[in-house]
Amino acid sequence: MNNKKIIMANWKMNPSSQEEVLRLTKGVLAQRLPKNVELIIAPPFVYLDLVKRNCGREIKLAAQNISWAERGAYTGEISSLMVRNLGCDYVIIGHSERRHKMGETDEMINLKLKAAFKVGLIPVLAVGEKESNDDIIKVLTQQVKSALEGIGTSEIGRLIIAYEPVWAIGTRLTDTPDHALSTALLIRKIVSNLYGPEWASDLPVLYGGSVSEENAVDFIAQNGINGALVGNVSLELEKFIKIIKAAEINAQ
Ligand code: PGA
């Protein structure tokens, strides 16, 4: 991975109209987008095509989820190949809202990662402890290990991991930059134990959880943190643009 900082907007189940999608997309595009920042938008499935047609080449597209199944009788599901063919380069896998609100299991997450790699999508695997006093080494080791079960080194070089403490998501409570950094190192250590140090040092690790225009720089400026996964604030155009600018200043 190069030294670009990654800023990923997770719109979650928002917004509710195409007009708002266009306002947000065109608003971001109207900026001079920095070359040293990989800017990714993850809209709901129904807007992927609309965003793709309006986001130019500078903004990359991500799905927020995919099915673990390839095709067939899975009513309501969307496959990895469908979103790849729509122009997605990335997909978020294992977001805590899917783990905890939609009952996604470690096994499903593992299958979804495999489905993503198979079609050439870059998965952004979200991991994080539920409570701030949880045993973080135990939780993250288990999440990373189970997610990567059966995944080889030919794929691991295309993985991104987002550290998203669940207690910090949508709560306006952020982790401290120091703790986020040490957790990014912990994640690399877990990957190193599984695949070897050369894979771990190249692994991009993002921080997510109440990232705002005010605190983004504290995380992005850390050398061991490759960028941010931004939820609610990515829907507030002016604030989101400030986050992109913070990444530009801190990328190499
Ligand atoms: P938040 O969400 O920025 O609203 O906390 C982050 C995420 O869910 O990825």
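Colleague: In which pocket does the ligand sit?
Modeller: This is a predicted model, and a molecule is said to sit in a pocket if more than half of its atoms lie within 2 Å of the pocket's grid points. About 420 Å³ of space lies in the second largest pocket, and of the 24 residues that line that pocket, the closest to its centre include Ser-210 and Arg-172. By the rule just given, the ligand sits in the second largest pocket.

Colleague: How many residues surround the ligand, and which are the closest?
Modeller: Counted by class, the shell around the ligand holds five nonpolar, seven polar and three charged residues. In total 15 residues surround the ligand, and the closest are Lys-12, His-95, Glu-164, Gly-170 and Ser-210.

Colleague: How far from an oxygen atom of the ligand does a polar side-chain atom of His-95 lie?
Modeller: A polar contact is a pair of N or O atoms within 3.5 Å, and several residues around the ligand offer such a pair. Lys-12 places a polar side-chain atom 2.8 Å from an oxygen atom of the ligand, while for Ser-210 a polar backbone atom is 2.7 Å from a ligand oxygen. For His-95, the polar side-chain atom lies at a distance from a ligand oxygen of 2.6 Å.

Colleague: What share of the ligand's accessible area does the protein cover?
Modeller: Ser-210 reaches an oxygen atom of the ligand through a polar backbone atom, at 2.7 Å. On its own the ligand has 280 Å² of accessible area, and the part of this that the protein covers is 99%.

Colleague: Which element gives the most to the lining of the largest pocket?
Modeller: The largest pocket holds about 530 Å³ of space, and 18 residues line it, with Lys-12, Met-13, Gln-64, Asn-65 and Arg-98 closest to its centre. Its lining divides into seven nonpolar, six polar and five charged residues. The element that gives the most, with three residues, is H4.

Colleague: What is the volume of the largest cavity?
Modeller: A cavity is a set of points where a 1.4 Å probe fits but cannot get out, and the count comes to three cavities of 30 Å³ or more. Among the residues that line the largest cavity are Gly-94, His-100, Gln-143 and Glu-164, and the elements that give two or more residues to this lining are helix H4 (96-101) and strand E5 (122-127). The lining divides into four nonpolar, five polar and two charged residues, and the volume of the largest cavity is about 50 Å³.

Colleague: How much space lies in the second largest cavity?
Modeller: Residues that line the second largest cavity include Gln-31, Pro-34, Ile-241 and Glu-248. By class, this lining has four nonpolar, one polar and three charged residues. The space in the second largest cavity is about 40 Å³.

Colleague: Which residues does a cis peptide bond join?
Modeller: Most residues other than glycine have a negative phi, and most peptide bonds are trans. Lys-12, found in the loop between E1 and H1, has a positive phi of about 55° although it is not a glycine. Pro-15 has its place in the loop between strand E1 (5-10) and helix H1 (18-29). With an omega of about -15°, the cis peptide bond joins Asn-14 and Pro-15.

Definitions and conventions. Residues numbered from 1 in each chain as written. Predicted model: local features only at pLDDT ≥ 70, side-chain atom pairs only at ≥ 80, totals over all residues. Heavy atoms only, no water. Near = heavy atom within 4 Å. Polar contact = N/O pair within 3.5 Å; in protein donor to acceptor, adjacent residues only side chain to side chain. Areas by Shrake-Rupley, 256 points an atom, 1.4 Å probe, with all protein chains shown as cover. 1 Å grid on protein atoms, 1.4 Å probe; cavity = no way out; pocket = protein on both sides within 12 Å on 5 of 7 lines; lining within 4 Å. Nonpolar A, V, L, I, M, F, W, Y, C, P; charged D, E, K, R; others polar. Points joined across faces, edges and corners; volume = space filled by probe spheres on them. Helix = DSSP H or I, 4+ residues; strand = E, 2+ residues; numbered from the N terminus.
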